[in-house]
Amino acid sequence: MGVTINRYTPEAWSKCLAHKDVINTKDSKIIIFGNFKGGALKFVNGREITTTGVWHTFNGQIKHWTEEVTQGTRYSIVRWYTKTEEAKAKFAAMLDEIFPDAKPLDPKRIQAVSYTHLTLP
């Protein structure tokens, strides 16, 4: 299990780009809070999470992003799940796909996978 804490403001980190959580093995949970405008969590399938103060369950393998926060500060806590060995294998495969000309990476050589966001086309 992993936890990511996010802070978005118009002045600094105002949004999260579209991505898939490629090493997740289960649905994730998110709680959003703060006094802000904008910042909806959107999914390519049309789902949108805007309600604050409650936990929402979502499939992070569906492409998603956070819209720009235009005012105030938006906080979120995301709880996600991965199996270490499976995460290492997925991470190695992802790197092999991104860098096809590089020597293949043996998942057994990866000591740990720390993952927050990966932007995918």
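Okay, a term before anything else: when I say strand I mean a DSSP run of E at least two residues long, and a helix is a run of H or I with at least four residues, both numbered from the N terminus. T66, for instance, lies in strand β8, residues 64-66.

A bit of housekeeping. What you see is a predicted model, so to speak of a local feature I need pLDDT of at least 70, and side-chain atom pairs count only at pLDDT 80 or more, while totals for chains, interfaces and linings use all residues. Residues are numbered from 1 along each chain as its sequence is written, and side-chain values use heavy atoms, with hydrogens and water left out.

Let's start with the overall picture. The protein chain has one helix and ten strands. Going along the sequence, the pattern reads β-β-β-β-β-β-β-β-β-β-α. The chain has 121 residues, and 33% of them count as buried; buried is under 20% relative accessible area, exposed is over 50%, and partly exposed is in between, using a 1.4 Å probe on protein chains only. The accessible surface is about 7600 Å², with 53% of that belonging to carbon and sulfur atoms. Those areas come from the Shrake-Rupley method with a 1.4 Å probe, and for residues only the protein chains shown count as cover.

How about contacts, meaning heavy atoms within 4.5 Å? Take those in the chain with a separation of 6 or more: 75% of them come from residues 24 or more positions apart.

Now, strand β10, residues 74-80. Its side chains alternate: R74, S76, V78 and W80 point to one face and are buried, whereas Y75, I77 and R79 point to the other and are not. Who are its neighbours? Two strands count as paired if DSSP finds at least two bridges between them. Strand β1, residues 2-8, runs antiparallel to β10 and is joined to it by seven bridges. Strand β3, residues 28-33, also pairs with β10 in the antiparallel sense, over five bridges. I77 in β10 is a handy landmark: I5 stands opposite I77, and I77 is the bridge partner of I31 too.

On to rings. Phe, Tyr and Trp rings (for Trp, the six-membered one) make a pair if their centres lie within 6.5 Å; planes under 30 degrees apart are stacked, over 60 edge-to-face, and the rest tilted. The whole structure has two such aromatic pairs. One of them is F33 with Y75, stacked, at 5.8 Å centre to centre and 15° between the planes. F33 is in β3 and Y75 in β10, so this pair ties together parts 42 residues apart in sequence. F33 is partly exposed at 36% relative accessibility, and Y75 is partly exposed as well, at 30%.

There are charges over rings, too: NZ of Lys or CZ of Arg within 6 Å of the ring centre and within 35 degrees of the ring normal. R79 has its charged end over the ring of W55, 5.8 Å from the centre, and K26 lies over the face of Y81, 5.0 Å from the ring centre.

Last stop, back to β8. Which strands share its sheet? The order is β2-β8-β5-β6, an open sheet of four strands with antiparallel pairing. At the edges are β2 (16-19) and β6 (48-49), each with a single partner strand, so one side of each has no neighbour in the sheet. T66 itself is buried, at 5% relative accessibility. Leaving aside residues up to four places away in sequence, T66 touches Y8, K15, C16, G39, A40, L41 and R74.

Notes: Contact = heavy atoms within 4.5 Å.
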